[in-house]
Each structure stands twice: as C-alpha cells, then as structure tokens.
Amino acid sequence: MPNKKVEIDAPDWCKGCGICIYRCPVDVLELKEGKIAITKPDNCIGCEMCELICPDFVLKVVEK
Ligand code: SF4
Ligand code: SF4
C-alpha cells in the first residue's frame, strides 16, 4: 500500500461530486473549478478508497 499513489486518469469525466474528497482519510484531494485536483500528493497512502468510490472512474491508484 505505501508504494502506491493516486493519479487523475480521466479528468474530463469528473462531475465534481466530492465523494472522493469525503472518503480520503488523509486530505489529498480538493475541487478546483469544479474538477478534482490532487493538492496534497505527499499525504497519499495509496489506500485506493478514492478509486473504489468514484462513480465515474476518474481516479486511479498506481504503483509509484
Ligand atoms: S489513495 Fe487513499 S489516500 Fe490516496 S488520495 Fe485516494 S483515498 Fe486518499
Ligand atoms: S468522486 Fe469522481 S466524479 Fe466525484 S469529485 Fe471525485 S473524481 Fe470527481
């Protein structure tokens, strides 16, 4: 898990619902102009919660 990080795989699909922000345990994500942004990447623990919870397949957790 520590060797993983979040990436924005499909930014155009983000509808700005904010569910991933609510679910992230360590405050990595924010909305910028209605789209998801990775504002604190160093906080990411690679837990994959955001990827699992996003209904629009925007986020992907990958190997570092
Ligand atoms: S992988 Fe986990 S820690 Fe990283 S942004 Fe997603 S929910 Fe937050
Ligand atoms: S859950 Fe998905 S669609 Fe909703 S804000 Fe996050 S990345 Fe965008």
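The following conversation concerns a predicted model of a chain with two ligands.

Visitor: What kind of model is this, and how are residues numbered?
Guide: The model is predicted, so local features need pLDDT of at least 70 and side-chain atom pairs count only at pLDDT 80 or more, while totals for chains, interfaces and linings use all residues. Residues are numbered from 1 along each chain as its sequence is written, and chains are lettered from A and ligands numbered from 1 in the order in which they are written.

Visitor: Which residues are closest to ligand 1?
Guide: Cys24, Val28, Cys44, Cys47 and Cys50 are the closest of the 14 residues surrounding ligand 1; a residue counts as near if its C-beta atom, placed from the backbone, lies within 6 Å.

Visitor: And which residues are around ligand 2?
Guide: Among them are Cys14, Cys17, Cys20, Cys54 and Ile36.

Visitor: Which residue of β3 stands opposite Leu31?
Guide: Leu31 stands opposite Ile36. Strands β2 (residues 29–32) and β3 (residues 35–38) run antiparallel, joined by 4 bridges; strands are DSSP runs of E, at least two residues, numbered from the N terminus, and two of them pair if DSSP finds at least two bridges between them.

Visitor: What lies between those two strands?
Guide: The hairpin has 2 residues between the strands, and Glu33 takes a positive phi near 50 degrees.

Visitor: Changing topic, what does Val6 touch?
Guide: Leaving aside residues up to four places away in sequence, Val6 touches Val28, Ile38, Cys44, Cys50, Leu59 and Val61, where contact requires C-beta atoms, placed from the backbone, within 7 Å.

Visitor: What does the C-alpha trace span?
Guide: Along its principal axes, the trace spans about 30 × 20 × 15 Å.

Definitions and conventions:
Two residues are in contact if their C-beta atoms, placed from the backbone, lie within 7 Å.
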